[in-house]
Amino acid sequence: AARCGGWKSLPNDTLWVWWKNYEKLKEIIVTYAIRIHQPGGPEVLSWESVELPMPAAGEATVRHLAVGLNFIDIYHRTGLYPLPLPAGIGLEAAGVVEAVGADVTEVKVGDRVAYAGGPVGAYAEARNIPAHRLLKLPDSISFDTAAAMMLQGLTAAYLLRKTYRVQAGDAVLIHAAAGGVGLLACQWAKALGATVIGTVGSAAKGELAKAHGCDHVINYSNENFTQRVREITGGEGVAVVYDGVGKDTFMGSLDSLRPLGMMVSYGNASGPVPPLDLILLSQKGSLFVTRPTIMSYTAKRADLEALGAELFEMVGSGKVKVEVNQRYALKDAAQAHRDLEARQTTGSTILIP
């Protein structure tokens, strides 16, 4: 009862239930979380009370102080990436460890931590999560910054350092350059010595991209980005395209690549990419195409820690700056989803429990 505010605050009938079920109830607290019971629009996001038991073996309880918003959350909500329902939603957050289960060695009570990549359920005031998914935060990185950067930052890390290892002198094309991943990836690629070409949907977003590492900005609302890429690169094309937009940009992205270039399709903001005839890859210069996920690149603890260390170093050194441009109350997640889908956001967005 003390965990819920004290026994004196409880009515008699509730006290009787507590007394009869003490051994079970003493290990459960009630918290709030966003849940979905069916796929659909933002209206299916429901703010609900949920029971949170003590952490099981290998788990830690994290009290969230900030939660990240990402486009993959929309894919989960709409059913493009199906979840077993009912379900929580959200893949990244930052907070403090409140309890640990048996056999946990990665973190301890009181640690400042952050995570990204699942399991889903980050849209919550507190949750239990496998401790091996948690990374300890350096003191120099705030909870807001961590929640804003973990999924997008680790995505930028594996894209630029693992999927295609960007080298000094490479020309790279980054779609949605003013978005969360885009702003981080542009800065990081610039720090690596690449020539960074970014696409945006408005003049204002173009200015934002320029301020974050883009050497050349293409406004696809009034320019042909494939033609402009060829002009910028003297007809050669880019070494790699990082494309989180999907259907609307995929074919143009292939046409922007140099021979033996790599097309990295990591998102579907405009819809899923249609089926591809592989013969096109040979006709366009023996191209490479990959569809990576953060879950694959961070499945092993050692890989997660290595990518996390690179991300923390880039942010801590100031080479990559995290822009938290929108904040919403966690219970208002539906409005945050509407704004993200309408492309009304720039940089990163966080939800505050």
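This passage looks at the empty spaces in a predicted model and at one buried glutamate. Because the structure is predicted, local features need pLDDT of at least 70 and side-chain atom pairs count only at pLDDT 80 or more, while totals for chains, interfaces and linings use all residues. Residues are numbered from 1 along each chain as its sequence is written, and side-chain values use heavy atoms, with hydrogens and water left out.

Rolling a probe the size of a water molecule over the atoms shows where empty space is left. On a 1 Å grid over the protein atoms alone, a pocket is an open set of points with protein on both sides within 12 Å along at least five of seven lines, a cavity is a set where a 1.4 Å probe fits but cannot get out, and lining residues have an atom within 4 Å of a point. Points are joined across faces, edges and corners, and a volume is the space filled by probe spheres set on them.

The largest pocket holds about 880 Å³ of space. Its lining comprises 42 residues, and Phe71, Val181, Gly244, Tyr266 and Ala269 lie nearest its centre. Helix α4 (residues 143-163) gives the most to this lining, with four residues; helices and strands here are DSSP runs (H or I, at least four residues; E, at least two), numbered from the N terminus. By class, the lining has 21 nonpolar, 18 polar and three charged residues, where Ala, Val, Leu, Ile, Met, Phe, Trp, Tyr, Cys and Pro count as nonpolar, Asp, Glu, Lys and Arg as charged, and the others, Gly among them, as polar.

The second largest pocket has a volume of about 260 Å³. Fifteen residues line this pocket, and Arg35, Gly88, Val120, Gly121 and Arg127 are the closest to its centre. Strands β1 (28-36), β2 (46-53) and β7 (126-130) each give two or more residues to the lining.

Across the whole structure, the search finds one cavity of 30 Å³ or more. Helix α5 (residues 180-191) gives the most to its lining, with four residues.

Glutamate 92 lies in strand β5 (residues 92-100). This residue is buried (under 20% relative accessible area, with a 1.4 Å probe and protein chains only), yet has no salt bridge, that is, no side-chain nitrogen of Lys or Arg within 4 Å of its carboxyl oxygens. The nearest side chain of opposite charge, arginine 127, is 11 Å away. A polar atom of the glutamate 92 side chain does, however, lie 2.5 Å from the backbone nitrogen of leucine 151.

Technical notes. Buried means under 20% relative accessible area, exposed over 50%, partly exposed in between (1.4 Å probe, protein chains only). Lys and Arg count as positive and Asp and Glu as negative; His and the chain ends are not counted. A polar contact is a pair of N or O atoms within 3.5 Å; within protein, one must be able to donate a hydrogen and the other to accept it, and residues adjacent in sequence count only if both atoms are side-chain atoms.
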